[in-house]
Amino acid sequence: MVTIPSNLGLDDAATSTQTGTVGEPCVAASRTGLLLTGNWYASWSPDAGKTWEFLDPFVTFPADRGRFCCDQLVQWIPQARLWVWLLQYESVSGANIFRLAVSPTGTPSSWHWWDVAPTDLNPAWTGVWFDYPDLAVSAGNLWISFNVYDADDKWRRAVVIRYPLGELRTARPVPTRPWPTAS
């Protein structure tokens, strides 16, 4: 549970005015670090909110099969001493990716990431895209879920993917592990 003992308002330097009427904020906190995201911005504080550094999700990571668009989630996993940042990318030709980024320090230059498209989970899943992400952590795994929609914005399925925390800490390629499904 995140406990913030005071109101920590973010100024334009922390969000680079990349806010909007729909923010969908998410925050993660370690003992002193805070990572905060909204639909179009991210901010890092190494000192419990005294100072903030803007992390532009549009340029912090390179474009791949589209550019960053909107939904983001962050989490600090104490048992793995690992920051997790999940970013959703825009749909290109009816498909998109999510980017799973991890860092042991949360500092801007320390992130390692993996990109996952629907066809990476199942080659038959063409012309579909991810939306509505969620994260959960168990004793040894990070769990990611998404809804999957087709080009007509019709819901097709939900997807759950498991990443062992030990593998995420290595910063080497991590195989995705979808929950077994019939199609």
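In this tour, a residue is called buried when its relative accessible area is under 20%, exposed when it is over 50%, and partly exposed in between, computed with a 1.4 Å probe on protein chains only. The model is predicted, so local features need pLDDT of at least 70 and side-chain atom pairs count only at pLDDT 80 or more, while totals for chains, interfaces and linings use all residues. Residues are numbered from 1 along each chain as its sequence is written, and side-chain values use heavy atoms, with hydrogens and water left out.

**First stop: strands β1 to β3**

Helices (H or I, at least four residues) and strands (E, at least two) are DSSP runs, numbered from the N terminus. Two strands pair if DSSP finds at least two bridges between them.

Select residues 26–29, which form strand β1, and then strand β2; the two pair in the antiparallel sense over 4 bridges. A hairpin of 4 residues joins β1 to β2. Within this pairing, Val27 has Leu36 of β2 as its bridge partner. Cys26 is buried, because its relative accessible area is 15%.

Next, add residues 42–45, strand β3, which pairs with β2 in the antiparallel sense over 4 bridges. Here too a hairpin of 4 residues makes the connection, from β2 to β3. The bridge partner of Leu35 in β3 is Trp44.

Now display the side chains of β2, residues 34–37. In a regular strand the side chains alternate between the two faces of the sheet. Which residues of β2 lie on each side? Leu34 and Leu36 are on one side, Leu35 and Thr37 are on the other, and all four are buried, so both faces of the strand are covered.

**Second stop: the tryptophans**

Rings of Phe, Tyr and Trp (its six-membered ring) pair if their centres lie within 6.5 Å; planes under 30 degrees apart count as stacked, over 60 as edge-to-face and the rest as tilted. By this rule, the model has 12 aromatic pairs.

Select Trp44 and Trp83, an edge-to-face pair with 5.2 Å from centre to centre and 85 degrees between the planes. This pair links distant parts of the chain, since Trp44 is in strand β3 and Trp83 is in strand β6, 39 residues apart. Why does Trp83 count as buried? Trp83 is buried because its relative accessibility is 2%. Trp44 also counts as buried, because its relative accessibility is 5%.

Keep Trp83 on display and add Trp76: these two form a tilted pair, 4.9 Å centre to centre with 50 degrees between the planes. Both Trp76 and Trp83 are buried. Then select Phe61, Trp85, Trp111 and Trp113, which form one aromatic cluster.

**Third stop: Arg99**

Move to Arg99, in strand β7 (residues 98–103). Is Arg99 buried or exposed? Arg99 is buried, because its relative accessible area is 0%. A polar contact is a pair of N or O atoms within 3.5 Å; within protein, one must be able to donate a hydrogen and the other to accept it, and residues adjacent in sequence count only if both atoms are side-chain atoms. One such contact, of 2.5 Å, joins the side chains of Arg99 and Asp115. Contact in general means heavy atoms within 4.5 Å. Leaving aside neighbours within four places in sequence, Arg99 is in contact with residues including Phe61, Trp85 and Trp113.

**Fourth stop: loops and a disulfide**

Select Asp56, in the loop between β4 (53–55) and β5 (68–77). Asp56 is buried, because its relative accessible area is 16%. The side chain of Asp56 reaches the backbone nitrogen of Phe58 at 2.9 Å.

Continue to Cys69 and Cys70, which a disulfide joins with an S to S distance of 2.5 Å. A disulfide is a pair of cysteine sulfur atoms within 2.5 Å, and by this rule the count is 1. Cys69 and Cys70 are both buried.

Go on to Arg81, in the loop between β5 and β6 (82–89). Arg81 counts as exposed because its relative accessibility is 56%. Arg81 has a positive phi of about 50 degrees, although it is not a glycine.

**Last stop: Val148**

Finally, select Val148 in strand β10 (residues 141–150). Val148 is buried, because its relative accessible area is 0%. Its C-alpha atom is 7.2 Å from that of Val159, which is 11 residues away in sequence. Not counting residues up to four places away in sequence, Val148 touches several residues, among them Val128, Trp129, Phe130 and Val159.
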